2 protein chains.
Amino acid sequence: MTNQREPIRSAGRPRAFDEDEVLDRIMHLFWDRGYHGTSVADLTATAGIGKQSLYKAYGDKRSMYLRALERYETRAIDTASAALRADGPPQDRIHAFLSAPIEGASATRGCFLCNASADQAAHDDATRALVRRGFATMANALVHALAQRDIDDVTPDAEHLSQAWSLLSVYAGLQIMSRTGLDRATLEAVRDAALNT
Amino acid sequence: MTNQREPIRSAGRPRAFDEDEVLDRIMHLFWDRGYHGTSVADLTATAGIGKQSLYKAYGDKRSMYLRALERYETRAIDTASAALRADGPPQDRIHAFLSAPIEGASATRGCFLCNASADQAAHDDATRALVRRGFATMANALVHALAQRDIDDVTPDAEHLSQAWSLLSVYAGLQIMSRTGLDRATLEAVRDAALNT
DNA sequence: GACATTTCTGAATGAACGGTCAACAATAAG
DNA sequence: CTTATTGTTGACCGTTCATTCAGAAATGTC
């Protein structure tokens, strides 16, 4: 019986780079510059590997973009899931979720799902499907947190789902507003108003 | 005394195209495809005029983009202003404002300000300034409508401004969500929740 | 060591990119 | 009619685009 821990090593020269690490770099580049704003030359430069290696590993540019978006989605799932399982009051976790768009780091790149929605969702079915799935996952995570918050309440699940989409819409809106350089106080007021609903 | 109604006809061959009409076409193209997604060849094709005429009239590609964004902004001001002066209950006008992202036409192109924010605001100062100014104008229009709605109330102006930015954030968020193909019922629920705040 | 398989490297591809040029056409002023 | 000025046209510029090719290099299998 072979050791299944190690990935099955197929014959041939082995990859000289970490596939996930390079995918992370690709993700950040597309995230920052969008699909058309990123060239394959940019990708090879930041990945530090040759063009052919990129194509062999991930396919053409569109595939790279979709892979990057998928990876972001996975990360978002992980983050939301971890935040959900964290200790402390649920409302604090929801507060943190709506604070993310206000923090400085987010103001530069924003949210990849939001960017992809504005940039590509209207023109590419695969992108649109990925973005929708990503938002749906975040909505589900929010529902979970809302249910924990209202544990003693009788709020129906459907109401929580609706609230989750409202919070998610404010989240996306804050991402957009944040990128315009809107002052922090206004952003925080929007966040707090959404939390007190 | 010369007739000032007619624009001063300078010497030289006159323009063979309507400058505003062509600017509208340019606007729709950048609106639909973003900055990097639109080529100068695309612009000349839909404008129906030669490259040199475009460059003479509007400057280089970046200038065309900014002019297009400025024009959208002017249009948004006009629309918001007209909606503000319209008859009928103020809350109906606010309702209509938040319904715009849900309508089919908006789902395809979205809101140019929102798209530009996600696409270019982080990388171009001039774009960011224009987008911010556009949103600020819409916020002011909303404040006006909110003040009319709460005419008998004692709500302070600062509160209206804060509410306006909240509505604007939901507006932007709905634009993002709408483009992912989120079902209409959910979008309407988000809208109605934001209106009952 | 020979072979099949896979990756890596660097050059090359044709197309598309943003931008410019020079010749020509149309107007106003003298 | 001549001249100055501006707009139009189509060819043209060098660069960058995404993608591919040929060949060398590195591995597992026999």
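This is a chat about a predicted model with two protein chains and two DNA strands.

Reader: Let's start with chain A. What is its secondary structure made of?

Author: Chain A has 10 helices and 0 strands. Along the sequence the pattern reads α-α-α-α-α-α-α-α-α-α.

Reader: And what does the C-alpha trace span along its principal axes?

Author: About 60 × 50 × 30 Å for chain A.

Reader: How does helix 1 of chain A pack against helix 2 of chain A?

Author: Helix 1 covers residues 19–33 and helix 2 covers residues 40–47; they pack at an angle of about 135 degrees, and their axes are 9 Å apart. Angles from 65 to 115 degrees count as roughly perpendicular and those over 145 as roughly antiparallel, so helix 1 of chain A and helix 2 of chain A are oblique to each other.

Reader: Is that crossing left-handed or right-handed?

Author: The crossing of helix 1 and helix 2 of chain A is right-handed.

Reader: Which residues meet there?

Author: From helix 1 of chain A, A:Val22, A:Arg25, A:Ile26 and A:Leu29. They meet A:Asp42, A:Leu43, A:Thr46 and A:Ala47 in helix 2 of chain A. By class, this contact of helix 1 with helix 2 has 5 nonpolar, 1 polar and 2 charged residues.

Reader: What about helix 1 and helix 4 of chain A, at what angle do they cross?

Author: Roughly 95 degrees, with the axes of helix 1 and helix 4 (residues 61–85) coming within 9 Å. Helix 1 of chain A and helix 4 of chain A are therefore roughly perpendicular to each other.

Reader: Which residues make that contact?

Author: Helix 1 of chain A brings A:Leu23, A:Ile26, A:Met27, A:Phe30 and A:Trp31. Helix 4 of chain A brings A:Met64, A:Tyr65, A:Arg67, A:Ala68, A:Arg71 and A:Tyr72. The class count for this contact of helix 1 with helix 4 is 9 nonpolar, no polar and 2 charged residues.

Reader: Changing topic. How many residues does each chain put into the contact between A and B?

Author: Chain A gives 38 residues and chain B gives 38 residues.

Reader: Which helices of chain A supply at least two residues to the side that touches chain B?

Author: Helix 6 (104–109), helix 7 (112–119), helix 8 (125–149), helix 9 (157–179) and helix 10 (184–195) of chain A. The largest share, 12 residues, comes from helix 9 of chain A. That side of chain A divides into 18 nonpolar, 15 polar and 5 charged residues.

Reader: What rotation superposes chain A on chain B?

Author: A rotation of 180 degrees, with 0.0 Å of shift along its axis and an RMSD of 0.1 Å. That is the relation of a two-fold axis.

Reader: Which residue of chain A comes closest to the rotation axis?

Author: A:Gly173, whose C-alpha is at 2.0 Å.

Reader: Why do the copies meet through the same surface?

Author: Because 100% of the interface residues of chain A are also interface residues in chain B.

Reader: Now the DNA. How many residues surround DNA strand C, and which are the closest?

Author: There are 26 residues around DNA strand C, and the closest are A:Gly12, A:Arg13, A:Gln52, A:Ser53 and B:Ser39. Helix 3 of chain A gives the most to the surface near DNA strand C, with 4 residues. Helix 3 of chain A, with helix 2 (40–47) and helix 3 of chain B, each supply at least two residues of that surface. Its residues divide into 9 nonpolar, 8 polar and 9 charged.

Reader: And what surrounds DNA strand D?

Author: 27 residues, the closest being A:Ser39, B:Gly12, B:Arg13, B:Gln52 and B:Ser53. Helix 2 and helix 3 (51–58) of chain A and helix 3 (51–58) of chain B are the elements that give two or more residues to the surface near DNA strand D.

Reader: Which element gives the most near DNA strand D?

Author: Helix 3 of chain B, with 4 residues. By class, the surface near DNA strand D has 10 nonpolar, 8 polar and 9 charged residues.

Note on methods
Residues numbered from 1 in each chain as written. Chains lettered and ligands numbered in written order. Predicted model: local features only at pLDDT ≥ 70, side-chain atom pairs only at ≥ 80, totals over all residues. Contact = placed C-beta atoms within 7 Å. Nonpolar A, V, L, I, M, F, W, Y, C, P; charged D, E, K, R; others polar. Axes fitted to C-alpha atoms, helices over the stretch in contact; angles between N-to-C directions. Parallel < 35°, antiparallel > 145°, perpendicular 65-115°, else oblique. Left-handed = near helix turned anticlockwise from the far one by under 90°. Near = placed C-beta within 6 Å. Least-squares fit on C-alpha atoms with pLDDT ≥ 70 in both.
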